[in-house]
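Open your viewer and keep the selection box handy. This tour goes stop by stop, with something to select at each one.

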Amino acid sequence: MQAIRVRFAPSPTGYLHIGGARTALFNWLFARQTKGTFILRIEDTDTARSTEASVQAILDSMEWLGLDWDEGPGKEGGYGPYFQTQRFPTYRQYVEELLATDQAYPCYCTPEELEARREAATAAGLPPRYDGRCRHLTAEQRVAYAAAGRKPAIRFKVPEGSTVVDDLIRGKMEFNNSVLEDFVIMKSDGVPTYNFAVVIDDALMEISHVIRGDDHISNTPRQILLYQALGFALPEFAHIPMILGPDHSRLSKRHGATSVTQYRDEGYLPEALVNYLALLGWAYDGTQQLFSRDELVEKFALDKVSKNPAVFDQAKLTWMNGVYIKDAPLPRLTELALPYLQQAGLVGEKPASTEMAYIEAVVEAVRDRIKLISQVAEFADYFFTDAYTVTEEGFNKYLSQDYVPAALSELARRFAALSDFSEPETERVLRAYSDELGIKAAALIHPLRVALTGRTVSPSIFTVIVLLGREKVGQRIGRALQMLENSAVAGK
């Protein structure tokens, strides 16, 4: 039985996008479940647009997602090199083999001539395909073209008949070869085309399963013909459904963030993104939504991948991220939150150990309320600065009640007198005082929250009290009382 070997082969012309990340994940899951080999290959033959920065961005994104590869950049195996630009001599070797066996031929048509014929065919109501005129050139005609300075592309001779694709997801698909035309396998500058290079690479790297997006379905019959022409064993093919935006058009930048690095920078956790991507086109039992990485490896199966397009739901991903934030180890969450607090100017560049302990306690206090790690500064600013704003709603709804000034003053006095400034004791004091006044505890908690945070919503008020500390609580209650006095004076 052939060893399981799969690959993810991005083109380094930009960042790793969601669609590519999902393809990489499905290949990685399949390899890990079957104890196979996951290969990362960089298809950088588009030399005009491929950049080192894009290569690094792809590698960084793969590492952040935890999609470790067994062979590829930095992990050389026995099947490299893993950059296509380093494999040009190999491609040339197989082009020469196809030429020698009369399965390919040089085409001297210029781009201008090809375009003119396409336009003429379209005008005549015919498919704009290559008409095969260079297939039958005589040796003398080829010499004449070469003497005129024309550099030929190399085209593959598509045989008559049909080509069958046995797809693991879509089943059997048959293509009439007459619609494929004699396609270019090497351009006139010596650069191989995608369909040719990918076949050579997959065959020589002994890829057993080609798992990729269904936008490649039209390429597959051409590639199968090349496998057959060169005597290579066919891999299994599995074409996974495309990802659509909420409007059911193809996912693009207009739908929001599309690259993995954008999601990382916005405060998503890699395990949340991996979990969500796995559900785009695959389902285990139709009900389970949350999967650990180990569960995904255990339960993933190609036969449960849908043929239908998957719709990207940003709200669901964000909800899922919030679940993962609640369950994340606190030290890790604090480390991830720290840069956002620093960017907001709430925390210094190198916090001391005592400050880090405080930051960790604050992160623990707000973690249940944030859906993105980047929201930590927005939800926790009042823990770090007195320069917060009391909301108009909070002031009008809670602080401006007649009983509030006297109640806040008394609470400040009682909190200051506590020997044990803890959550249980501050709660005991507040509830005892509310009983004395004959009012619900909420009637004290709401104005106290606005006084201490400026907001109508926060973590437990007793957590807030203890984190701020006795002195800060007294100061902020005093500030709120001064606001009320100023308001009363202004209203006279």
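Why is there no bond between the sulfur of C107 and the closest cysteine sulfur? Before you select anything, note that this is a predicted model. Now pick C107 and C109: the sulfur of C107 lies 3.8 Å from that of C109, its closest cysteine sulfur, which is too far for a bond because a disulfide needs the two sulfur atoms within 2.5 Å. Add C134 to the selection. Its sulfur also has C109 as the closest cysteine partner, at 3.6 Å, and that too is too far for a bond. Both ends of this little group are covered: C107 is buried at 3% relative accessible area, and C134 is buried at 3% as well. The disulfide count comes to 0.

Next, some aromatic rings. The model has 13 aromatic pairs. Start with F88 and Y91, whose ring centres are 6.1 Å apart with 55 degrees between the planes, so the pair is tilted. Colour helix α3, residues 88-100, and you will find both of them in it, 3 residues apart, or about one turn of the helix. F88 is partly exposed, at 25% relative accessible area, while Y91 is buried, at 0%.

For another geometry, move to Y284 and F291. This pair is edge-to-face, with 6.4 Å from centre to centre and 90 degrees between the planes. Here Y284 is partly exposed at 29%, and F291 is buried at 2%. Widen the selection to F26, W282, Y284, F291 and F300, and you have a cluster linked by ring pairs.

Stay with F26 and add R22. Which face does R22 lie over? It is the face of F26, with R22 at 5.4 Å from the ring centre. A similar view awaits at W28: the charged end of R293 sits over its ring, 5.6 Å from the centre.

Now show the surface and select Y403, L437 and I439. Together they form a nonpolar surface patch with about 230 Å² of accessible area. Y403 belongs to the loop between α15 (392-399) and α16 (404-416), and at 35% relative accessibility it is partly exposed.

For the last stop, select helix α19, residues 461-468. How many of its 8 residues are buried? The number is 7, so to speak a mostly covered helix. Those buried residues are I461, F462, T463, V464, I465, L467 and L468. Step just past the helix to G469, which follows α19 and has a positive phi, near 90 degrees.

Methods
Residues are numbered from 1 along each chain as its sequence is written. This is a predicted model: local features need pLDDT of at least 70, side-chain atom pairs count only at pLDDT 80 or more; totals for chains, interfaces and linings use all residues. Side-chain values use heavy atoms; hydrogens and water are left out. Buried means under 20% relative accessible area, exposed over 50%, partly exposed in between (1.4 Å probe, protein chains only). Helices (H or I, at least four residues) and strands (E, at least two) are DSSP runs, numbered from the N terminus. Patches are made of residues with over 30% relative accessible area and no salt bridge: like charges are joined within 9 Å, nonpolar side chains (Val, Leu, Ile, Met, Phe, Trp, Tyr) within 5 Å. Accessible areas come from the Shrake-Rupley method with a 1.4 Å probe; for residues, only the protein chains shown count as cover. A salt bridge is a side-chain nitrogen of Lys or Arg within 4 Å of a carboxyl oxygen of Asp or Glu. Rings of Phe, Tyr and Trp (its six-membered ring) pair if their centres lie within 6.5 Å; planes under 30 degrees apart count as stacked, over 60 as edge-to-face and the rest as tilted. A charge sits over a ring if NZ of Lys or CZ of Arg is within 6 Å of the ring centre and within 35 degrees of the ring normal.
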